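Visitor: I would like to take a close look at a single part of this model, with the terms explained as we go.

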Protein chains: 2
Amino acid sequence: MAATTISQSALEAALVELRAFLGERVTAAEAAREHHSRGESAHPPGLPDMVCFPLSTEEVSRIVQVSARHRLPVVPFGAGTSLEGGVNAIRGGISLDMRQMNRVLRVSVPDMDATVEAGTSRLQLVKALENTGLTFFIDPGADATIGGMTATRASGTTAVKYGTMRENVLGLTVVLADGRVIRTGTRARKSSAGYDLTRLFVGSEGTLGVMTEITLRLHALPEAIAVAVCAFATIDGAVRTVIEAIQLGLGPARIEFMDDRLVDAVNRYSKIGLAVKPTLLMEFHGLSRAAVEETARMAEQLAREHGGLGFEFQTTAEGRERLWEARHNVYFAARALRPGCECVTTDVCVPISRLAECIVATRADLDTVSFPATIVGHVGDGNFHVQCMLEPGEDAEAETFAARLVERALAMGGTCTGEHGVGTGKMKYLTAEHGEGLEVMRLLKRTLDPENRMNPGKVIEVD
Amino acid sequence: MAATTISQSALEAALVELRAFLGERVTAAEAAREHHSRGESAHPPGLPDMVCFPLSTEEVSRIVQVSARHRLPVVPFGAGTSLEGGVNAIRGGISLDMRQMNRVLRVSVPDMDATVEAGTSRLQLVKALENTGLTFFIDPGADATIGGMTATRASGTTAVKYGTMRENVLGLTVVLADGRVIRTGTRARKSSAGYDLTRLFVGSEGTLGVMTEITLRLHALPEAIAVAVCAFATIDGAVRTVIEAIQLGLGPARIEFMDDRLVDAVNRYSKIGLAVKPTLLMEFHGLSRAAVEETARMAEQLAREHGGLGFEFQTTAEGRERLWEARHNVYFAARALRPGCECVTTDVCVPISRLAECIVATRADLDTVSFPATIVGHVGDGNFHVQCMLEPGEDAEAETFAARLVERALAMGGTCTGEHGVGTGKMKYLTAEHGEGLEVMRLLKRTLDPENRMNPGKVIEVD
């Protein structure tokens, strides 16, 4: 772990000041620091010097003011599901555990929006929306906090229809580096009144300020759902089906790809007996059973034209749930391919016209490495993940594979991460991706956080 | 017009430098300067000292470098349809007429995106997409340039389904204040790789840099369209119908409100004989005639429950066109209410739960003023416009009415402009709307344009 360069006296003074208003909700206990030193990734952990558990925006503001007085880093921490090292306190300082700020503050059914505290988890929100006819569809897999999802501009299986956090965050309460509190956006659906501060903070991974409250767009629960699985002779056929389904306006709510290796792993783990082929899992939402069935049949026709080996419809709620549960568990299914391994997941996103080519090239690349790996993708967005199952000593090989993957995606006009964020893991790719634009990002970081205290060493290096 | 404080020698030197690479495409002729002194608004015009007509991003960069050497303002100018004074050269300098940069650079059908130069007009792009099965749906009414629409974060009738420019701009080429060129975004549909520079520039109205190329999301042309008109007993009934239609997931492609006064004006101007009542114009897009008819019938049922006086379906392409043509021409219809008047249009946007209340209160407010006025709204977004038909001497009264309108919208959690932009016209409301957030916007402006040369005096005051 990186040693912190913070003086002991600064830490002690900060602790006294924090204890004055947080009481037991600040701790320098080893176990708490250890727990807050990393997310779910293999990136180098970083021990914070202390952990705070604020209950309100005002407390966050006071904590940030203490951090300013003593020049301590502030690292927001949600559910700890970060995959790129975003929550690791690599320069020590204060880990800001947001999980006690988890109230759903307001739900408006007519406006189809809600305001939550940043520590609210996705499933907490979904539960709070039961019986409203509305839901929050963005689902990155893990039960992440809304704050964490906002920070990484998360998305997941339903983004192809409902958008990512970029489209679904309507406004924010943000504590700036000097402790000032701003509110961005309004409750109106759209606005042309000045710079888009909301989207400046969405995806900023805590490096420009701490998001404490988030106003989200909600969506109507569909009246009818159709779910189908289809195996394909080739990866290309599966991707062409997706492209044409979107072009024709079939508007899939989810359209997920699994390569044959992952299907095999899922079959073993979730016992669902799919054909071991490149496979699409699809879901359509609509106003009536007739409407979604019409849509699904159009998709079936497209699949047939592209080497699809027949649609298998899931007509019961249980069947649908079993299928998506299996999709949700691909991480565990993949790990089970190599018991005891470490699973390192990376993601890229490319224009969908290049997706088949990118996946095929990546599969060929994986045939040259020593570790097993699987591919799963939110193909409607051109986004896919590679899970690498590593044994000790294979990290460097995986790292060079990941670098080739990113290089391939960038050469195709894509991005080094579709939804996982930059953290520390993807920083090295941003120059290639953004060119001179990275200098503008650096300017913004220096402007909003001149002392580099807000999640320092993440996303962008300014030292 | 505001006098410029630029020295004659600086202007002459700049002109010599510009002529060296622009030749005839820079002019200081009175007629060209006059033409570029204002958009369509009544806001005080501003004569630029010269007008440039660049052909490429590189030329824009060189022009901006000249402006930097001589400290001249740079004011981008598109179709000149700005309603809030955004294109007026209120501090002189260079008007940058982008209309010769109007090439559609690239269309990708599988990726459903296109890259255009900023001076391309909306209808030019729509025409270029003929026979692709795709289109660009955002329609602010005027045939604005894509650059202007991006600069003001424009939207229009179809935003309720297809989003605003915020959702539909995927990437930008931007010339910064020092002449550097950056490219924001990638061609991937989504990314978590760093700060969202694209959305920082969308809606910045040329105050942070000049956008020269824009990559846009396209949409599938619908297989089937249903259009209907419905008069309502009350404004509240019309708005409730809209709220429930969206909540149920009917997903209208357009849902427009006209108050009874405007319906009367439209009847006279476009000769279409609608009932003189609060009225909704609706359009539904779908995969088949059966699907859109099912959707429209659900909307009809909702309307009946809320005092709707019967759906009138437009079953022919001509009927649909006539109706939307009439909607497009509301500006002229309203002006014809008071021949020779000046029509001043303003817009606000509120949470839809407050929309009926806001429109009713605004209608009551309008009963107290001396000029006639009409209301038209993109009600699915909570956005509406008031057209005030003014005779000389009524400007001050209209201004105080507009201030009350904005105050009402802000008190309801709304915004001072849903889609027209800030320009000079709405600057005075931004403190009330953004509070401390305005200071952050000011910081961003100072950081990216430290000499305040990029469209100075618009959106945000930094002097």
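Visitor: What span should the 12 residues of helix H14 (residues 355–366) of chain A have, and how far apart are its end C-alpha atoms?

Guide: Before the answer, please note that this is a predicted model, in which local features need pLDDT of at least 70, side-chain atom pairs count only at pLDDT 80 or more, and totals for chains, interfaces and linings use all residues. Residues are numbered from 1 along each chain as its sequence is written, chains are lettered from A and ligands numbered from 1 in the order in which they are written, and side-chain values use heavy atoms, with hydrogens and water left out.

Helices (H or I, at least four residues) and strands (E, at least two) are DSSP runs, numbered from the N terminus. The expected span of a helix is 1.5 Å times one less than its number of residues. For the 12 residues of H14(A), this should come to 16 Å, and the end C-alpha atoms are indeed 16 Å apart, which agrees.

Turning to the surroundings of this helix, the residues of H14(A) that are buried (under 20% relative accessible area, where exposed is over 50% and partly exposed lies in between, with a 1.4 Å probe and protein chains only) are Leu355(A), Ala356(A), Cys358(A), Ile359(A), Thr362(A), Arg363(A), Asp365(A) and Leu366(A). Contact here stands for heavy atoms within 4.5 Å, and the buried residues of H14(A) pack against several elements of chain A, among them helix H9 (235–247), helix H10 (260–270) and helix H15 (395–411). The strands that these buried residues pack against are E13 (254–258), E17 (373–378) and E18 (383–390) of chain A.

A buried residue can also be found in a loop of chain A: Met112(A) lies between strand E5 (104–108) and strand E6 (113–117), and because its relative accessibility is 6%, Met112(A) counts as buried. Leaving aside its neighbours within four places in sequence, Met112(A) is in contact with residues including Leu134(A), Arg189(A) and His219(A), and also with Ile246(B) and Gln247(B) of chain B.

In chain B, the segment after H17 holds Asn455(B) and Val459(B). Asn455(B) counts as buried at 2% relative accessibility, and Val459(B) likewise counts as buried at 2%. Each has a positive phi although it is a residue other than glycine: the angle is near 40 degrees for Asn455(B) and near 65 degrees for Val459(B).
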